[in-house]
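User: I would like to learn how to read salt bridges, burial and contacts in a structure. Please take a general idea each time and then the case at hand.

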Amino acid sequence: MGELEYARGRDFVALRTQGPVLVISTFGRDAPYARLALSTDDHEAAASRLRQTAAESAPQKIES
């Protein structure tokens, strides 16, 4: 677990020696990491939860 720094930025990784890994690309200048790499037992379910959370916390367009 830790950070990987390189010329174009840095990544955060939390990995086990075996099993699937979920890699998430981040966007925006304020993002502290270019990518997150996380070990997970079920990468598809984890990705689905992250997408749902991102959609729920995205700014909503309010019309009058």
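Analyst: The turns below go through salt bridges, a buried residue, its neighbours and a surface patch. Keep in mind that this is a predicted model.

User: What can side chains of opposite charge do when their charged atoms come close?

Analyst: They can pair. A pair counts here as a salt bridge when a side-chain nitrogen of Lys or Arg lies within 4 Å of a carboxyl oxygen of Asp or Glu.

User: How many salt bridges does that rule give?

Analyst: The count is three. One of them joins the side chains of Glu3 and Arg10, with an N to O distance of 3.0 Å. Another joins Arg35 and Asp11 at 2.7 Å, N to O. Arg16 and Asp41 also meet in a salt bridge, at 3.3 Å from N to O.

User: Where in the chain do Arg16 and Asp41 lie?

Analyst: Arg16 is in the loop between β2 and β3, while Asp41 is in the loop between β4 and α1 (43-57). The two are 25 residues apart, and their pairing links distant parts of the chain.

User: Is Asp41 buried or exposed?

Analyst: Asp41 is exposed, because its relative accessible area is 68% and the cut-off for exposed is over 50%. Its partner Arg16 has 47% relative accessibility and so counts as partly exposed.

User: Which strands does the pair Arg35 and Asp11 tie together?

Analyst: Arg35 belongs to strand β4 (residues 35-39) and Asp11 to strand β2, so the salt bridge ties together parts that are 24 residues apart in sequence. Strand β2 itself covers residues 9-14.

User: Is Asp11 buried or exposed?

Analyst: Buried means under 20% relative accessible area. Asp11 has 8% relative accessibility and therefore counts as buried. Arg35, on the other side of the salt bridge, is partly exposed at 36%.

User: And the third pair, Glu3 and Arg10: how is each of them classed?

Analyst: Glu3 counts as partly exposed, because its relative accessibility is 39%. Arg10 is also partly exposed, with a relative accessible area of 29%.

User: Back to the buried Asp11. What polar contacts does its side chain make?

Analyst: A polar contact is read from a pair of N or O atoms within 3.5 Å. The side chain of Asp11 makes such a contact with the side chain of Tyr6, at 2.9 Å. With the side chain of Arg35 the polar contact is 2.7 Å, and that pair is also listed as a salt bridge.

User: Which residues does Asp11 touch, apart from those up to four places away in sequence?

Analyst: On that count Asp11 touches Gly2, Glu3, Leu4, Tyr6, Tyr33, Ala34 and Arg35. Leu4 lies in strand β1 (residues 2-6). With the same exclusion, Leu4 touches Gly9, Arg10, Asp11 and Val13.

User: How far apart are Leu4 and Asp41 in sequence and in space?

Analyst: Leu4 and Asp41 are separated by 37 residues in sequence and by 23 Å in space, C-alpha to C-alpha. Leu4 is partly exposed, because its relative accessibility is 46%.

User: Now the surface. Which residues make a nonpolar patch?

Analyst: A patch residue needs over 30% relative accessible area and no salt bridge. Leu15, Val21 and Val23 make a nonpolar surface patch of about 250 Å². Val21 sits in strand β3 (residues 21-25) and is partly exposed, with a relative accessible area of 37%.

Key
Residues are numbered from 1 along each chain as its sequence is written. This is a predicted model: local features need pLDDT of at least 70, side-chain atom pairs count only at pLDDT 80 or more; totals for chains, interfaces and linings use all residues. Side-chain values use heavy atoms; hydrogens and water are left out. Helices (H or I, at least four residues) and strands (E, at least two) are DSSP runs, numbered from the N terminus. Buried means under 20% relative accessible area, exposed over 50%, partly exposed in between (1.4 Å probe, protein chains only). A polar contact is a pair of N or O atoms within 3.5 Å; within protein, one must be able to donate a hydrogen and the other to accept it, and residues adjacent in sequence count only if both atoms are side-chain atoms. Contact means heavy atoms within 4.5 Å. Patches are made of residues with over 30% relative accessible area and no salt bridge: like charges are joined within 9 Å, nonpolar side chains (Val, Leu, Ile, Met, Phe, Trp, Tyr) within 5 Å. Accessible areas come from the Shrake-Rupley method with a 1.4 Å probe; for residues, only the protein chains shown count as cover.
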